[in-house]
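The report below describes a single chain, moving from its overall make-up to its salt bridges and then to its helices. Please read it with the sequence and the model side by side.

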Amino acid sequence: MAIPRALDPTGVILVDKPAGPSSFAMVAEVRARTGARTGHAGTLDPFASGLLVLLSGRATSVQERFMRLDKRYVTEVDLSSRTATGDPEGESVGEQDPPSAQDLAVALDGLRGMVELPIPAASAVKIDGERAYRLHRRGVVVDMPVRAMRIDELLLSAYDGRVATLELLVGSGTYVRAIADALGGHCVSLRRTEIGPFHADEADPERVIPLDDALARLESVVPAAPRAGEPSR
């Protein structure tokens, strides 16, 4: 079956993805319903939930403007173990005693601002022309490149001595899983609550926000400098 490529309806569709399905499955579901060309402004891993900004019809032509938006997340990080992927789907690569609240506060201080962190192995970045997650699935071990990531807010909202609940505001191209790994743990849950001026609580997969209205909302957002790479996760 040919992929629908109609240019209408044109606009932005906000979807609240549940944990489990892939972002591309959500895109395909909307595309099948509208019959229009449909893109996205940043994916989420299957284990993650939260906001997807989908671009329908002619809105796909301005995808880059939406891809550059900052993103807000809430994540639970198990600080007693690391995994190969930085999430619950990866194999364990080490266990340790969780840090004290004081040591965790110091570690968080070191991760605010511009930081350089390795990109997770299970990511869509290309290594010698092939997606890293495909190499990982085949058991191919590669040295993942380091990327400069911008972390504007990194707040600790709860800590039970093992699992830390963090609230983050990050720039495009930032991996929350990489932050969890840098803390010595892995994400056990991840939810994206905002992309730029768009919020998960306004998501409605059947509502198409007119493109002009969506672009007007971007005017209130300070534009970020364009950067190479894939969307934040």
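A residue is called buried when its relative accessible area is under 20%, exposed when that area is over 50%, and partly exposed in between, with a 1.4 Å probe and protein chains only. This is a predicted model, in which local features need a pLDDT of at least 70 and side-chain atom pairs count only at pLDDT 80 or more, whereas totals for chains, interfaces and linings use all residues. Residues are numbered from 1 along each chain as its sequence is written, and side-chain values use heavy atoms, with hydrogens and water left out.

## The chain as a whole

Helices (H or I, at least four residues) and strands (E, at least two) are taken as DSSP runs and numbered from the N terminus, and the secondary structure of the chain comes to six helices and 13 strands. Of the 233 residues in the chain, 45% are buried. The accessible surface, computed by the Shrake-Rupley method with a 1.4 Å probe and, for residues, with only the protein chains shown counted as cover, comes to about 11,000 Å², and 51% of this belongs to carbon and sulfur atoms. Contact here means heavy atoms within 4.5 Å; among contacts between residues at least 6 apart in sequence, 74% join residues at least 24 apart.

The predictor's confidence in each residue is given as pLDDT, from 0 to 100; its mean over the chain is 87, and 82% of the residues reach 70 or more. Over residues 223-233, however, the pLDDT is below 50, although this stretch has 40 contacts in the model beyond near neighbours in sequence. Where pLDDT is low, the predicted coordinates should not be read in detail.

## Salt bridges

A salt bridge is counted when a side-chain nitrogen of Lys or Arg is within 4 Å of a carboxyl oxygen of Asp or Glu, and a search of the whole structure finds 13 of them. Three are set out below.

| Pair | N to O distance | Acidic residue, relative accessibility | Arginine, relative accessibility |
|---|---|---|---|
| Asp 16 and Arg 191 | 2.8 Å | Asp 16, 34% | Arg 191, 30% |
| Asp 78 and Arg 162 | 3.2 Å | Asp 78, 7% | Arg 162, 46% |
| Asp 87 and Arg 177 | 3.9 Å | Asp 87, 3% | Arg 177, 1% |

In the salt bridge between the side chains of Arg 191 and Asp 16, Arg 191 belongs to strand β12 (residues 186-195) and Asp 16 to strand β1 (residues 11-17), so the pair ties together parts that are 175 residues apart in sequence. Arg 191 is partly exposed, and Asp 16 also counts as partly exposed.

For the salt bridge of Asp 78 with Arg 162, Asp 78 lies in strand β4 (residues 71-78) and Arg 162 in the loop between β10 (146-159) and β11 (163-170), so parts of the chain 84 residues apart in sequence are tied together. Here Asp 78 is buried, while Arg 162 is partly exposed.

The side chains of Asp 87 and Arg 177 also meet in a salt bridge, and this pair links distant parts of the chain, 90 residues apart, with Asp 87 in the loop between β5 (81-83) and β6 (92-95) and Arg 177 in helix α5 (residues 176-182). Asp 87 counts as buried, as does Arg 177. Together with Asp 45, these two residues are linked in a network of salt bridges.

Helix α5 also contains Asp 181, which is partly exposed, with a relative accessible area of 25%. Leaving aside neighbours within four places in sequence, Asp 181 is in contact with Arg 82 and Thr 83.

## Helices α1 and α6

Helix α1 (residues 23-34) has twelve residues and reaches 17 Å from its first C-alpha to its last, close to the expected 16 Å, the expected span being 1.5 Å times one less than the number of residues. Its buried residues are Ser 23, Met 26, Val 27, Val 30 and Arg 31. Seen down the axis of α1, they fall within an arc of 135°, so they line one face of the helix; the arc is that of the directions from the helix axis to the C-beta atoms. An α-helix has 3.6 residues a turn, so residues three or four places apart point the same way. The cover over the buried residues of α1 includes β1, β2 (38-40) and β3 (49-56), whereas the face turned away from the buried side carries the exposed residues Phe 24 and Ala 32. After α1 comes Gly 35, whose phi is positive, near 75°.

In helix α6 (residues 211-218), the residues Leu 211, Ala 214, Leu 215 and Leu 218 are buried. Seen down the axis of α6, its buried residues fall within an arc of 95°, so they line one face of the helix. These buried residues of α6 pack against β1, α2 (63-67) and β13 (198-199).
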